[in-house]
Amino acid sequence: MALALLLVNFAQAQVVSLSGKITDQSTGEALPGVTIVIKGTTTGTISDFDGNYSIQVEKGVTVLFSYVGYLSQEIQIENQSTLNVSLKSDIEQIEEVMVVGYGIQKKREITGSIAKIDSRDIGDKLSSSFESVMAGQAPGVSVTTGSGMAGASSIVRVRGVASINSAGDPLYVIDGIPITNDIFGLGGRTGGMNLNPLSSINPNDIESMEILKDASATGIYGSRGANGVVIITTKKAKGKELKIEFSTKQSLSTPTKKVNMTNASEWLQLYQEAWENDGNTGIPTGLPGGMTWEQAQKNDTDWWDEVTRQGYKQEYNLDVNFGIAKGLIARLGGSFTNNQSYLVGNELDRINTSMNLNYAPSKTFNASLSSSIAETSTALPGNPWDGGLGAAMGYALPIYPIYNADGTFFKGGGNSANPVMVNELRDENNEELRTINSLSVNYSPLEKLTFSLTGALDYMNFNNKGLEQGAMRSSGQDYSWENNRKVYNWNYNIVANYDFALQNDHDLKAMIGHELQESRTTGLNKNWDQSREIIENAEELRDERWRFISFFTRFNYMYKDRYIAQATLRTDGSSRFGKNNKYGYFPTFALGWIMSEEDFLKDSKWLSFLKLKASYGITGNSNIPNYEHIGTYKLSTTTSQEYNDSPIRYPEKFANPDLKWETTKSYDLGFEARFLEGRIATEMAYFFKKSEDVFINVAISSSSGYGSQWQNIASIENEGVEFSVKTNNLTGKFQWDTQFNISTLRNEVTDLGGLTTEEIGGGTNDTRILKGYPVGTNRLVRVSRIDPADGRPVYLDKQGNETKTYKFEGEEGFAVAAGKVIPDFTGGFTNTFRYKGFELSALFTFSYGAQIYDSSSKRQMGLASDWNFRTDIFDRWRQPGDIAKYPRMSREGATYGKDGEQWFNSTMWLFDGDYIRLKNLIFTYNIPKQIVSKANISSMRVFLVGTNLLTFTKYPGADPEVARDHDDPRDRNMSANVSFLTPPQEKVFTLGLNVSF
Amino acid sequence: MKNRLLIFIFLTGTLFSGCESLLEIDPVDEGVILEEDAIQTKQDLQELLNAAYDVVNGFYGGHFQRTSELLGENVVLRDGITDEMVNIYKRYTTGYFTDNETYDQAYICILRSNLILENIDKVSGISSAEAAQMAGEAKFLRGIAHFAVVRLFAQPYGYTAANDHAGIIIKTNSKVELLPRNTVAEVYQQIVTDLTEAEAILPAGNANFVYATKWAAKAALAQVYFQMHDYDKAYTKADEVIKSGAFTFVTNFANYTANTTESIFKLVSSETSGKRVGSDFGVYRSDGTNIPNIRVAPDVYKNVIKAGVGDLRASSWYEVFYPGAANEYVAFTRFNSEFPTVPVLRLTEIKLLRAEAAMLKPSVDKTTAIQDVNDIRQRAYNGSSRNLAATAANDAVLNAVRTERRLELMGEGYNLHDLKRRGSAGESITIRGVKWDYVGLVIQFGASEVNELFTANPEPN
């Protein structure tokens, strides 16, 4: 029978010449380079530059037309000699691959929860630090850009906050090396939003960012995966053709909002009202700054205007891609950025160069070397922690002049109350040299087996230096300093991949690897005080050194192209762990089911893809300060530390041999679905993370003589739902795409090992760790109303009874957990419209349900003191019967319920932080090829970007999207929803140009 | 296959075991040493002792003094100050706004002292005499540190008849543990024991009195007995110090911060080494660009300081800024110094202590009291114009002693504890509007100190 068939076939074999043109179905443009193959053979051809092809085929065969990025088509040949084919672009991108830890995987086979952000989404949205572009783009990833300072860092949290004392930031991995991103390890609090090691990375060099969220994705990073992992892949050389790309952006910026502060006459009127309300008569005295009433009346300084300006930024990028020799290609990049923020005295300059060499002499071997150097220099405002703007919102009063009559600076309110003087007399700069280098070698001795070896070095040389002129110092002599940190961070990993290449629908792949990472930070602080006999003082800091040694493995199994299982295991040993817990083991297990492959769904018209997935895993967080488990003594190292010119030594901390990582157990359920040939794509995930052994830097009773110690104590739960959908609403000439994502989060401290909130310690601005509440919940006295009879605030005691006394802490105190730290939901919403070469895209981000505790309000709208008032205070009680938002003016704490109290930690300063923000509005014009090709340009794009153009919010402070400066990682976890004189974010208009040759 | 697996397991095992040592990284820092290596030799122990001395600056370097003054009646706080000094001044300290510094630093001093005592038998190369002296010094420091804390954080000795009211934790070992408060009686007993043992061991001279001596222990004991209303013993100890001849009464004026022959136990700054002590007195400073946050109460300046016509102290130790203007204030000048010396224990104070004790002890010694007062007045008025006559009435002498004690020690915190001592002895004493035993006059403990064993101080309502 078979023979007969063959004979029949042979008999019918008739060769015809087939030709035609291949075009893009949507644009009608010719497609060059399409592969045309006779199915089941290696016979084939490719289409020419105009999309034409011709091939000799036998009748009855099937011809396969395939092209990257398009859906393949199979056509059986009957009698035709002309066959024009229009290919449809593959919007489903079924074969999209994603970078996972130590490898890549096909998106359809991934069981984990991973969000991907492409280079264009990073490059266009101008920002001096790349991590801020994640905002609103990935569900479950919360990104709060700190402030309007140049290079300000963002607080990035993946699926909630699972730590208290320890840094809760995700692990950032660039080209295989977990990079240094400790914002507190570089010599302190020198920026409006602390200094930011990530700001030296050129966003233009980033090819893609993958954010690994669940345990099955992050498990391969073991003890460092619990807070999520951001994998950054830099741009690599592609092809041997010479390709040159140039881009530039020019931007203007202003603050998103000018905070309304009172002017001098308003301030004096309020002060007088307080004075008289307190029963005084006559001309008020006791004015701050040692001023008399007459002196004060003569001035009216608008400090805000004095310390802000129109910001201006410029950025230039030039990249070249070319071939050097057979198998050797290169990409070189150079970039210059200058960012003058709207804050006087604040400017960031950055020069980046990058290089990638890719050598692939054979199919079995390739090597890639990536290297980047960044030189960043940031000039900070005189008073860096608040961007120099805090004084203008607080203690720089409008009644203070800038200068005295004799032309010297006015210092009556103290140095910091004259920000113009501080900007003038105090210079502070951060200078950083950073280079990230990675070499990766891949070798496949067999088709089934691949080895890869990656070694990388991330080196940073950071200097914080400054000068305080004698005119603002008590000694009258200049003081300058230079604090240096050098971070040597290197690693290597060896990974073996084996594809078992099983028969009969089974697919099994295994990966096994080993990694070692070491980081060493050296520090030298120097200062020069001209008033000292020995002017120079140098202090060498102890080396901060840590090491991780890890072994890991991953098994991926798939049956019938639809049933997926993945298991990973990582073992981490770290120098940061105590003697009794040197190694941690982190297993994960995940299952996936591509339901759409099943027969009952396979032919569905409306459902094109459906995958269900579930995972469980254990990951850890080991952001513990180095040496924390070791008991130590300190020794004097300078004569100034000695006692009577004799050396001293004393206990610093006692040992904790049990110290180990934080353990997070994660459960995940999710699905991915695509409908109507991919025009609707949606993903949904539910997660539950239980973190145990959470570090607390416990306050040891002071009577022991010790301060505090890191112990594994608390438990925290995070739970949430994430949903995202992408739709192609309109296709054809006029295209409209929508992306929407939303996520919810429940965060709760479930166990504190019996510690009191005091033993754990509060965060900045009255935030607390309270059992049963989210991390960083405010503890405040509730204000019920302002008594219309006397204008005094009415508080609620613990039982909810009204009282006019204010009593904060203690057994009888009224302070209770108050406010909402975690929003009900947050997300992003992008609409993109395309018509011919035009594209308009708008990204809105939103947050609903959280409250912000504005600690500045406590002072701006509290007792009349040495702070300026916000004009909101006009809504205050003035006479009996007034229904007002704020109480009567007073200078006495007794009026507000407690004599001696300056500031009242009450719910009066808790504000709704809901907002919708037009984060980015991008208008792009791709100049038609016909026009640009005359100038030998292959593509050219101009674009206009507006950042933070609109903000809809009821929040009365500077900016509802706020992250104040922080003292330590704990504050970044605990005091994320508080603000204190934080400069608002910037509103930016950018004009950009991209040209490729 | 099986073999390969075995080899793999073997290699992995080897790697792991090799790794153990890679995972032990000790801090490499000339400024840090491992706990287990820290105290091996006599020199190590000596350095630990130096550290115990060094931290005295944390509480007696101005913090204790200024907190005492803020609670008392001599000073006012500058308008617009917004730190815990406001709460202290308003006599309303809380778990969050209180004098943590004095408390913490004193207990750090106590920990270091305890570690000396615990290690003294374990170190090499130490003679028994050396060991004894170090133990004496440690006990001296432990005693004065407890004394600082108990005066601020508990009601005074005598507040209850048996002194069984809550005091502070007595720490005589380095164990990290939660403890309840001891009674005031127990605390004072421990202080007396420590200082008495120190007195017996310590030498008469020790590096120009930056280290503890027999005399320092006696002076401290005099203060403790004085506070305990044990005027006999207070007199005796003070008298021994004065009669030792080790210290010379300075007859011309000197700033509090000057390094004089009066110092019985002192902390010293050095411009050469860059060492600074006494920075916490900076809140009084009015020199250069310093604007004092703590100022002399205007009525005290007018009615007390300037009461004695021709009193040189009034003109030498104070300065009036913006006289006559609405923003006029009176500043101390005697704490103006970039590199101050802090005389923790000094002759003038011990003399005035002896004078008062002389008048209060069962057998009154008026002659000594008058002599002490006259020494002081001779200096203050540059002559004998205001000297007491030998025939002065007892009351007059006692009043004179107390007036001079207040004037001489202005800003040093003694006045508050003198008033509390007199109140607890039965006098009707009011301190800036409140009775001597007002709860707000006792400083609150830091919030993290309080637990199920440890009760906080009551707070004013």
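Two strands are taken to pair if DSSP finds at least two bridges between them. With that criterion in hand, the tour may begin; the model on display is a predicted one.

**Stop 1: strands S34, S36 and S35 of chain A**

Select Asn718(A), and then the residue that stands opposite, Asn747(A) in S36(A). The strands concerned are S34(A) and S36 (residues 746-751) of chain A, which pair in the antiparallel sense over five bridges.

Next, extend the selection to strand S35 (residues 734-743) of chain A, which runs antiparallel to S34(A) and is joined to it by eight bridges. Here Phe723(A) has Ile742(A) in S35(A) as its bridge partner. Three residues lie between S34(A) and S35(A) in their hairpin, and within the turn Gly732(A) has a positive phi of about 105°.

Then add strand S33 (residues 680-699) of chain A. Strand S34 (residues 708-730) of chain A runs antiparallel to S33(A), and 18 bridges join them. For a residue pair to display, choose Ala699(A) and, opposite, Ser708(A) in S34(A).

**Stop 2: strands S24, S25 and S26 of chain A**

Move to residues 479-499 and 506-529 of chain A, which are strands S24 and S25; they run antiparallel, with 21 bridges between them. Which residue of S25(A) is the bridge partner of Asn491(A)? The partner is Gln517(A). The hairpin of S24(A) and S25(A) has six residues between the strands, and Ala501(A) there takes a positive phi near 45°.

Continue from S25(A) into strand S26 (residues 536-559) of chain A. A hairpin of six residues makes this connection, and the two strands run antiparallel, joined by 22 bridges. Glu515(A) may be selected together with Ser550(A) in S26(A), which stands opposite. When inspecting side chains at these stops, recall that in a regular strand they alternate between the two faces of the sheet.

**Stop 3: an open sheet in chain A**

Colour the five strands S10, S15, S16, S13 and S14 of chain A. They form an open sheet in the order S10-S15-S16-S13-S14, and the pairing is mixed. Which strands stand at the edges? They are S10 (114-118) and S14 (177-178) of chain A; each has a single partner strand, so one side of each is left without a neighbour in the sheet.

Within this sheet, strand S13 (residues 171-174) of chain A and strand S16 (residues 229-234) of chain A pair in the parallel sense, over four bridges. Ile174(A) and Ile232(A) in S16(A) stand opposite one another.

**Stop 4: where chain B meets chain A**

Show both chains. On the side of chain B, 71 residues are in contact with 65 residues of chain A. The elements of chain B that give two or more residues to this side are helix H1 (2-22), strand S1 (32-34), helix H2 (35-38), helix H3 (42-54), helix H6 (84-89) and helix H7 (100-119). The largest share, eight residues, comes from H7(B).

Keep H7(B) selected and add helix H8 (residues 128-153) of chain B. These helices pack at an angle of about 155°, their axes being 9 Å apart. That angle makes H7(B) roughly antiparallel to H8(B), and the crossing is left-handed. Residues that make the contact include Tyr103(B), Ala106(B), Ile110(B) and Leu117(B) of H7(B), and, from H8(B), Met134(B), Leu141(B), Val149(B) and Phe153(B).

**Stop 5: helices H12, H15 and H16 of chain B**

Select helix H12 (residues 298-305) of chain B, in which Val300(B), Tyr301(B) and Ile305(B) are buried. Viewed down the axis of H12(B), the buried residues fall within an arc of 100°, so they line one face of the helix. The face turned away from the buried side carries the exposed residues Asp299(B), Lys302(B) and Asn303(B). Among the elements of chain B that cover the buried residues of H12(B) are strand S4 (294-296), helix H13 (312-316) and helix H16 (394-408).

Finally, display helix H15 (residues 366-380) of chain B against H16(B). Their axes come within 10 Å and cross at roughly 40°, which makes H15(B) oblique to H16(B). The contact involves residues including Ile370(B), Val373(B) and Ile376(B) of H15(B), with Val397(B), Ala400(B) and Val401(B) among those of H16(B). H15(B) passes H16(B) in a left-handed crossing.

Technical notes: Residues are numbered from 1 along each chain as its sequence is written. Chains are lettered from A and ligands numbered from 1 in the order in which they are written. This is a predicted model: local features need pLDDT of at least 70, side-chain atom pairs count only at pLDDT 80 or more; totals for chains, interfaces and linings use all residues. A residue is buried if 20 or more other C-beta atoms lie within 10 Å of its own, exposed if 12 or fewer, and partly exposed in between; C-beta atoms are placed from the backbone. The arc is that of the directions from the helix axis to the C-beta atoms. Two residues are in contact if their C-beta atoms, placed from the backbone, lie within 7 Å. Axes are lines fitted to C-alpha atoms, for helices over the stretch in contact, and angles run from 0 to 180 degrees between N-to-C directions. Angles under 35 degrees count as roughly parallel, over 145 as roughly antiparallel, 65 to 115 as roughly perpendicular and the rest as oblique. A crossing is left-handed if the near helix is turned anticlockwise from the far one by less than a right angle, and right-handed if clockwise.
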